[in-house]
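Biologist: I'm new to this one. Could you show it to me and tell me how you choose your words?

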Amino acid sequence: MNMKRYMASAGLLLALCAPAAIAHPLDGLTAEEYQKINRILRDQKVVDDNTLYPLIELKEPAKEQVLSWREGDNLDREAKVQLTSPQGFKEAVVNITRGTVESTTPIKGQPMVLFAEFMDALQGALANPDMIAGLKKRGLTPEQAFCLPLTAGNFFTDEYENSRLMKVPCYKVPEGSNFYAKPIEGLFAVYDIGKKKVLRVIDTGVIDGPKDNWGYSEKEVADREPLRPEMNPAKLSQPGGPNYKISGSHLEWDMWRMNFRVDKRPGLVVSNLDVKDGDKWRSVIYQSHLSEVFVPYMDPTEGWYWRTYMDSGEYGFGLFLSPLRSGVDCPDYATFLPATIADDKGNPLTIPNAICVFERSVGDPAWRHFEVFAQTPEKPVPAEGRPATELVVRTASEVGNYDYLIDYRLQQDGQIRLMIGATGLDAVKGVAATSVNDPTATDDTAHGTLIAPNLVAANHDHYFNFRIDFDVDQPVNHFGTMDIVPAAVDAKNPRRSMWTVQHTMPKTEMEARYQLSAMKPRYFMISDPSREGYLGQELGWMIHHGDVAYGPFDFAKDPPMKRNAYIEYSVWNTVYDIDQQYAGGKYAMQSDGSDTLPQWVKANKPLMGKDIVTWFTAGFHHIPRMEDWPVMSTEWKTIHIEPHNFFAHNPALTIRNAK
């Protein structure tokens with residue numbers, strides 16, 4: 001019964017989209033190209049009807065070729081194709097333009113989970129006799145269970161050798177909107193998705209779980225308690241239509257232009273982000289995208305310690321993009337665009353309304369000043385100022401119980417904000433306690449919060465690593481820090497303490513790793529060493545601040561932390577390498593940490609005179625609270641980028657007054 005619901009949901013994503021013309025070398029693969037890739041591989045006898053494709057993505061041309069490309073130039077279109085074979089996973093490079101397979105090599109590692117593998121684990125777990133027996137002990141049948149296959153990490157034991165594991169806990173089939181309200185605690189299967197079999201079922205004992213359905217639709221909420229009185233809506237509108245122009249993957253608005261696409265693993269990819277300075281377009285960022293998402297839980301019990309998900313590398317932020325809803329996710333007047341990726345069979349899969357683009361007044365001044373000395377009794381002078389408007393490019397990915405919004409917000413004063421919004425549902429476990437006064441409450445809440453009767457949400461973290469390849473005017477940039485340090489104050493000066501700015505430039509990759517602390521203020525500067533600013537300074541852009549989090553982790557001995565050791569520092573810098581795209585490594589599934597950002601920098605390459613890539617991890621610790629349930633308010637985190645001596649004056653000076 002529940003299988004029909006799964007397939008109906010999946011079916012929403014499986015429509016083909018119309019072919020699109022290629023306008024730029026970094027455009028995403030089109031539906032027509034995915035079909036052609038399939039044909040080329042079949043014609044070359046590399047694949048057959050049984051082949052599945054964990055990932056097909058654009059093989060970008062060399063950076064120098066992209067930067068020298070002009071409209072009308074011909075560059076071969078290529079794709080990197082991960083595929084199954086009787087000998088194991090392989091990667092092929094397919095030249096779409098020439099119709100050839102350039103190479104085929106075995107994969108050293110494991111690609112992301114296939115949808116077919118996910119479904120095999122779900123069905124295989126529910127069909128296992130030990131799982132059926134465990135459900136029966138709890139008064140349930142397989143038809144009454146909804147199971148959620150989850151990646152099992154890698155804990156460097158024999159079990160993880162020559163296997164491809166998922167662990168499969170279950171929930172009672174919902175009677176309403178909330179699929180996670182009734183966990184079947186203490187019971188889960190260990191499933192090898194490579195061998196398609198249950199290795200064992202873990203049953204740690206029956207727990208009398210929650211009874212409440214905890215639905216969150218408006219009708220379900222109204223049945224629980226009265227809705228608030230109707231209010232006059234405060235709405236965003238744009239009667240004259242948008243000021244931006246979209247042509248294929250190219251977007252222009254106000255002082256900004258860029259290209260964008262969606263890939264299966266990182267989701268939204270932004271390229272060629274340029275800013276207009278007077279009448280000249282100048283480069284700021286060559287490419288930016290989500291690199292990895294790491295969500296480790298802090299519950300050490302048998303059913304939870306292994307929950308250390310790499311949501312982008314194991315599942316795919318692009319695969320789990322969900323259609324955006326007009327009036328909820330984005331304003332009614334937004335432009336909604338589809339995204340095309342490949343399904344398990346290599347066929348084009350279109351997600352409708354996967355991207356929205358809109359501009360909005362933020363309701364604040366871009367700048368203002370009220371001059372008290374200009375006032376006279378006869379002629380009051382109002383404040384001079386301009387309204388702030390921003391452009392938003394947004395996606396939303398649902399990975400399990402969480403929904404993650406990714407925004408690129410561009411402002412008229414030159415600021416860029418990469419925003420991450422976390423919402424959705426807490427991951428919950430069933431417990432005996434219905435209040436903290438119950439006898440089991442102390443044990444039940446040792447690693448989380450009792451957020452509802454019989455439900456504990458475990459403590460956990462969210463880390464979002466972004467790969468940001470700044471090209472400030474050109475690829476070769478300097479990277480440095482501006483540190484707020486104590487100033488030397490003359491003994492005769494009445495002031496006894498002041499601060500000054502200390503400029504430091506790291507020479508190598510290992511030197512260019514940084515933690516952020518409010519007690520040690522520091523800003524990060526990416527600059528063009530070949531060009532002076534308007535007043536002679538070295539011009540650039542800086543990461544002003546971001547939301548960061550650190551934990552008391554053992555990055556040498558704790559397997560999940562070894563695999564994701566990039567979270568030890570918020571900022572890293574590497575010499576540009578087109579093959580280094582993801583901080584957690586090319587193959588995240590059951591990875592061992594050997595192909596990761598912290599390992600790459602051990603090469604300690606010199607940074608001076610090089611094309612530098614900056615990596616930033618925004619993060620937060622999540623101590624759950626009752627207010628998170630049954631659905632969480634959106635928690636926004638940011639990476640804040642702004643110009644530093646790049647423009648001759650405040651770019652927002654030339655904004656027109658509001659009509």
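Modeller: Let's go through salt bridges, burial and a sheet. This is a predicted model, where local features need pLDDT of at least 70, side-chain atom pairs count only at pLDDT 80 or more, and totals for chains, interfaces and linings use all residues. Residues are numbered from 1 along each chain as its sequence is written, and side-chain values use heavy atoms, leaving out hydrogens and water.

Biologist: What makes Arg-282 and Asp-277 a salt bridge?

Modeller: A salt bridge needs a side-chain nitrogen of Lys or Arg within 4 Å of a carboxyl oxygen of Asp or Glu. For Arg-282 and Asp-277 the closest N and O atoms are 2.8 Å apart, so the pair meets that rule. By this rule the count comes to 35 salt bridges.

Biologist: Why is Arg-282 called buried?

Modeller: Buried means under 20% relative accessible area, exposed means over 50%, and partly exposed is in between (1.4 Å probe, protein chains only). Arg-282 has 4% relative accessibility, so it counts as buried. Its partner Asp-277, at 12%, counts as buried too.

Biologist: And Glu-384, why is that one partly exposed?

Modeller: Its relative accessibility is 40%, so Glu-384 falls in between. Glu-384 forms a salt bridge with Arg-386, with the closest N and O atoms 2.7 Å apart. Arg-386, at 14%, is buried.

Biologist: What makes strand 1 and strand 2 a pair?

Modeller: DSSP must find at least two bridges between two strands. Strand 1 and strand 2 (residues 78–83) have five, in the antiparallel sense, so they pair.

Conventions
Helices (H or I, at least four residues) and strands (E, at least two) are DSSP runs, numbered from the N terminus.
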